[in-house]
Amino acid sequence: MKRRGFITLLGGAAAWSLAARAQQGEQIRRIGVLTGDAEDDPGVKARLAAFQQGLDRLGWSVDRNVRIDYRFAANNPDQYQPLAKELIRLQPDVLLAYTTPVAAAFERESRTIPIVFVNVSDPIGSGLVASLARPSGNLTGLLLYEEGITGKWLAMLKEIAPGLSRAALIANPKRTPYDYFVRSAKSVAPSLAVELAPSPVENAADIERAIESLAREPNGGLVVLPGTPIEHRDLVIALTARHRLPAVYPFRFFVAAGGLMSYGTDYVDQSRQAAGYVDRILRGAHAADLPVQAPTKYETVLNLRTAKALGLDVPSSLLVRADEVIE
């Protein structure tokens, strides 16, 4: 071989080696995401966009150094386990789970792949972590609501409807730790002179029965818990309007759609914060060493048009505390 040809060949081999090492330096990491809601739900789109924005800010760019595999259960809890299996077969570096049942589905499939959860309210009682400070297993994440939140919702109902004497608590137990919220409500209800009517629901017919039963007695109100099917949001709002029932919701989007009031965390911001946990795990941290983060920011939202339609006078104390008022 001539000297010039050998040098050219050597240079090409060196260039190939450098390119290969560069590609190795930009290794594609894999994230699996499972949510129980439908892919086209506006709330889901907002949460997932926030998660990806959070990753971008931390240096994780889709198709450059990270791949995200999404799965959507489309409001069918029976799909949690099959979709969890499907994602784990892809051998992701970390999993993101929306809600307690989804996190539990992942845990049943793997005790080694790190799992970050959001929209979870009772991770200890649900068996996901040993403690908030030291999760100890392969799960950690962000707490959606602490146990005392239900007492806050009941107190808000009593504040806007002083004659309130009975409150129904609705949610789908397959989507949330329902007993966790009911237990909290029972500890507060006597001090507010409110009788509780626990009303687990799974579908539209259940929701109609629960609200119509509440409406048959005077001075009733509704606490809509996390885990109430989002796809039935408009039905819940329409029924409370028809029966002139005050209701308090866990998320702002219920009030934006015509609900009376909400008090809760910013679930879109939680998705953005979850990116920080995923980032730390991808860079070598262990889930067991990352404390579960408690919520630090709550927001109160009021819909004055709905209050007027229900014939309610909003007390100034509630107006002053409101972060947003829809008129």
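## Cavities in the predicted model

In the residue classes used here, Ala, Val, Leu, Ile, Met, Phe, Trp, Tyr, Cys and Pro count as nonpolar, Asp, Glu, Lys and Arg as charged, and the others, Gly among them, as polar. With these classes, the lining of the second largest cavity in this predicted model divides into seven nonpolar, four polar and no charged residues. That cavity holds about 50 Å³ of space, and its lining consists of Ile237, Thr240, Ala241, Leu245, Ala247, Tyr249, Gly258, Gly259, Leu260, Thr306 and Leu310. Helix 8 and strand 9 each supply at least two of the lining residues, and the largest share, three residues, comes from helix 8.

A search of the whole structure finds two cavities of 30 Å³ or more, and the largest of them has a volume of about 290 Å³. Strand 4 (115-120) and helix 9 are the elements that give two or more residues to the lining of the largest cavity. This lining is made up of 22 residues, of which Thr99, Asn119, Gly227, Ile230 and Phe251 lie nearest the centre of the cavity; by class, it has eleven nonpolar, eight polar and three charged residues.

## Overall architecture

The protein chain has twelve helices and twelve strands, and its C-alpha atoms fill a box of roughly 100 × 40 × 35 Å, taken along the principal axes. Of its 327 residues, 51% count as buried. Among the contacts in the chain with a separation of 6 or more, 70% are accounted for by residues 24 or more positions apart.

## Helix 8 and the nonpolar core

In helix 8 (residues 233-242), the buried residues are Val236, Ile237, Leu239 and Thr240. They lie on the same side of helix 8 because they cover an arc of only 165° around the axis. What covers these buried residues includes strand 6 (166-171), helix 7 (204-215), strand 8 (220-224), strand 9 (247-249) and helix 9 (252-256). Two of the buried residues of helix 8, Ile237 and Thr240, also belong to the lining of the second largest cavity.

The largest nonpolar core contains 58 residues, of which Trp153, Leu222 and Met261 touch the most other members. Helix 6 (residues 178-192) gives the most to this core, with seven residues. Leaving aside residues up to four places away in sequence, Leu222 touches Leu157, Ala168, Ile170, Ile211, Leu214, Val236, Thr240, Pro246, Ala247 and Val248.

## The largest pocket and its surroundings

The largest pocket has a volume of about 190 Å³. It is lined by 16 residues, and those nearest its centre are Asn219, Gly220, Arg244, Pro246 and Leu312; the lining divides into nine nonpolar, five polar and two charged residues.

Two of the residues nearest the centre of this pocket, Asn219 and Arg244, also call for a comment on backbone geometry. Most residues other than glycine have a negative phi. Asn219, however, has a positive phi, near 60°, and is found in the loop between helix 7 and strand 8. At 45% relative accessibility, Asn219 counts as partly exposed, because that class covers the range between the 20% limit for buried and the 50% limit for exposed. Arg244, placed just after helix 8, takes a positive phi of about 55°.

## Individual residues in loops and helices

Ser136 is another residue with a positive phi, about 80°, although it is not a glycine. It lies in the loop between strand 4 and strand 5 (139-143), and at 54% relative accessibility Ser136 counts as exposed.

Ala287, which lies in the loop between helix 10 (267-282) and strand 11 (299-303), is buried, with a relative accessible area of 4%. Beyond residues up to four places away in sequence, Ala287 touches Pro135, Gly137, Asn138, Leu139, Thr140 and Ile281. The C-alpha atoms of Ala287 and Pro92 are separated by 15 Å, with the two residues 195 residues apart along the chain.

Arg47, in helix 2 (residues 42-57), counts as buried at 4% relative accessibility. Not counting residues up to four places away in sequence, Arg47 touches Thr35, Asp37, Tyr98, Asn119, Tyr267, Val268 and Ser271; one of these, Asn119, is also among the residues nearest the centre of the largest cavity.

Technical notes: Residues are numbered from 1 along each chain as its sequence is written. This is a predicted model: local features need pLDDT of at least 70, side-chain atom pairs count only at pLDDT 80 or more; totals for chains, interfaces and linings use all residues. Side-chain values use heavy atoms; hydrogens and water are left out. On a 1 Å grid over the protein atoms alone, a cavity is a set of points where a 1.4 Å probe fits but cannot get out, and a pocket is an open set with protein on both sides within 12 Å along at least five of seven lines; lining residues have an atom within 4 Å of a point. Grid points are joined across faces, edges and corners, and a volume is the space filled by probe spheres set on the points. Buried means under 20% relative accessible area, exposed over 50%, partly exposed in between (1.4 Å probe, protein chains only). Helices (H or I, at least four residues) and strands (E, at least two) are DSSP runs, numbered from the N terminus. The arc is that of the directions from the helix axis to the C-beta atoms. Contact means heavy atoms within 4.5 Å. A nonpolar core is a set of buried Ala, Val, Leu, Ile, Met, Phe, Trp, Tyr and Cys residues joined through side-chain atoms within 4.5 Å.
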